[in-house]
Amino acid sequence: MTSIVSVRNLRKAYDGGFEALKNIDLDIEEGEILALLGPNGAGKTTLISTICGIAVPTSGTIKVGGYDTQTEYRKTRDLIGLVPQEINLEPFETVANSVRFSRGLFGKPRDDAKVDAILKQLSLLDKKDNKIMTLSGGMKRRVLIAKALSHEPRVLFLDEPTAGVDVELRKDMWEIVADLKATGVTIILTTHYIEEAEAIADRVGIISKGEILLVQDKAEMMAQMGKKQLKIELAAPVTDIPAALAHYDLTAQDNTLIYTYDTQGDRTGITTLLNDLQKAGLQMVDLQTDQSSLEDIFVGLVEEKA
C-alpha cells in the first residue's frame, strides 16, 4: 500500500536536553486505521503535534501526501485534520456555524451542503442550529471531529478521542471511525484503551519513552506474539508437578494446571500432554483455552523497555 505519511529520523528535544521523540521512523498507509498505544508521557501527543505542524521537530523529516511539513507547510496542513484531546469550543456558537468557521480558516468556499453532509455523517444534523453549550460531552466530541473534517482532509488525527466518554458513547465513536475509514480517510488515533485498538485498528504502534517499539498488523501481532494457555482443571489439587510432566511448560495453581504453548509452532503438544496426564494418574474435570490479549503484549513490551 501507499504511505500517505512518512516520518524519518524524527527527533524532538526540549531545553534542558529532554528527548520527547528519539529517531522515530514511521510509515502510515493510505486508508488505514493506525492506533498508537503508550503510557502517559510516552510521546504520543508530541508525535501527532509534530506531524501536524504544531510542534517543530529538532531534526528529521516528515512528509504528508509527498509534501514536506517544514518547506511545504500549507500543502501538508490542508491534507490533515486534527481532533485534540481537549474540548475547546465556543459555547455560544451554533454547531453549523462552528463547522463553517473551521472550513473558512482553510480558505474553503462556503458550502452548506458539504457541512450538512459532515454533520449527518456524525449524527449531528438535527443539532446543527443548537448552541454548543447545550450539547452533551459526547456530542461536543463529534463537533470536534466535524470541524476537523470541514476542509475535507485525507488524514485525520484523533488524540484520545474517547477520553472521559462512557462505554456506550465510546462504542458509538468506534462506529464513526469505521464509517470515516470507509470514505477513504486515513485515521491515526492515540489511546489509553487497549480494547479500542483491538476493536477498530488495522495496525497497532506501541510507543514508550519517545521510541516506537513496534508497528504491526494487529492480527499478525496477536498471532506472532500472543501465546495461548490451556487451563486443565483437575479433580484434586496438585502440589508438585509429576516428574513425567516436567518437560512441559506447566504451572500449578490449586487444582488447575496451566500449559502455555505457541500457536505458530508445528505442534501444540496438547494431545501428548493429555495422554501423559492420564498416565500420571491425574483426573481431568475441565479444559479451557485463553488467548493472550493485546494488553498482555503491550504491557510485556513496555516492561521490557523499562
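Helices here are DSSP runs of the H or I type with at least four residues, numbered from the N terminus. With that settled, good morning, and let me begin with helix 3 and helix 4, whose axes come within 10 Å and cross at roughly 115°. I should state at once that this is a predicted model.

The crossing of these two helices, helix 3 and helix 4, is right-handed. On the helix 3 side the contact is made by V95, A96, V99, R100 and R103, and on the helix 4 side by D112, K114, V115 and L119. By character, the residues of this contact between helix 3 and helix 4 are 5 nonpolar, no polar and 4 charged.

Helix 3, residues 95–105, also meets helix 5, residues 137–149. Here the axes come within 8 Å and cross at roughly 35°. Helix 3 passes helix 5 in a right-handed crossing. The contact brings V95, S98, V99 and S102 of helix 3 against V143, A146 and K147 of helix 5. The residues of the contact of helix 3 with helix 5 comprise 4 nonpolar, 2 polar and 1 charged.

Let me now turn to burial in helix 4, which spans residues 112–121. Which of its residues are buried? They are V115, I118 and L119. These three cover an arc of only 100° around the axis, and therefore sit on the same side of helix 4. As background, an α-helix has 3.6 residues a turn, so residues three or four places apart point the same way. The face of helix 4 turned away from the buried side carries the exposed residues A113 and K120. The cover over the buried residues of helix 4 includes helix 3 and helix 5. After helix 4 comes S123, with a positive phi near 55°.

I move on to the sheet. It is an open sheet of 6 strands in the order 6-7-8-3-9-10, and its pairing is mixed. Strand 6, residues 80–83, and strand 10, residues 211–217, are the edge strands, each pairing on one side only. On average, and ignoring direction, neighbouring strands of this sheet are turned by 15° against each other.

Within the sheet, strand 7, residues 155–159, pairs with strand 8, residues 186–191, in the parallel sense over 5 bridges. L156 has I187 of strand 8 as its bridge partner. Helix 1, residues 44–51, packs on this sheet and touches strand 3, strand 6, strand 7, strand 8, strand 9 and strand 10. The direction of helix 1 makes about 150° with that of strand 7. Helix 6, residues 167–182, lies across strand 3, strand 7 and strand 8, and runs at about 155° to strand 8.

Strand 9 deserves a closer look. How many of its residues are buried? The count is 6 of its 6 residues. Both faces of strand 9 are covered, with R203, G205 and I207 buried on one side and V204, I206 and S208 on the other. In general terms, the side chains of a regular strand alternate between the two faces of the sheet.

As for the neighbours of strand 9, strand 3 runs parallel to strand 9 and is joined to it by 4 bridges. L34 stands opposite R203 in strand 9. Strand 10 pairs with strand 9 in the antiparallel sense over 6 bridges, and S208 stands opposite E211 in strand 10. Strand 9 and strand 10 form a hairpin with 2 residues between them, and K209 in the turn has a positive phi of about 50°.

A further hairpin is found at strand 1 and strand 2, with 5 residues between them. In its turn, G16 has a positive phi of about 100°. Strand 1, residues 3–13, and strand 2 run antiparallel and are joined by 7 bridges. The bridge partner of K12 in strand 2 is L21.

Finally, some remarks on backbone angles. Most residues other than glycine have a negative phi. N23, which is found in strand 2, residues 19–29, has a positive phi near 50°. Is N23 buried or exposed? N23 is exposed, because its relative accessible area is 53% and the term applies over 50%. E152, in the loop between helix 5 and strand 7, also has a positive phi, near 60°. At 41% relative accessibility, E152 counts as partly exposed. That concludes my presentation; thank you.

Methods:
Residues numbered from 1 in each chain as written. Predicted model: local features only at pLDDT ≥ 70, side-chain atom pairs only at ≥ 80, totals over all residues. Heavy atoms only, no water. Axes fitted to C-alpha atoms, helices over the stretch in contact; angles between N-to-C directions. Left-handed = near helix turned anticlockwise from the far one by under 90°. Contact = heavy atoms within 4.5 Å. Nonpolar A, V, L, I, M, F, W, Y, C, P; charged D, E, K, R; others polar. Buried < 20%, exposed > 50% of the residue type's maximum accessible area, 1.4 Å probe, protein only. Arc of directions from axis to C-beta. Pairing = 2+ DSSP bridges.
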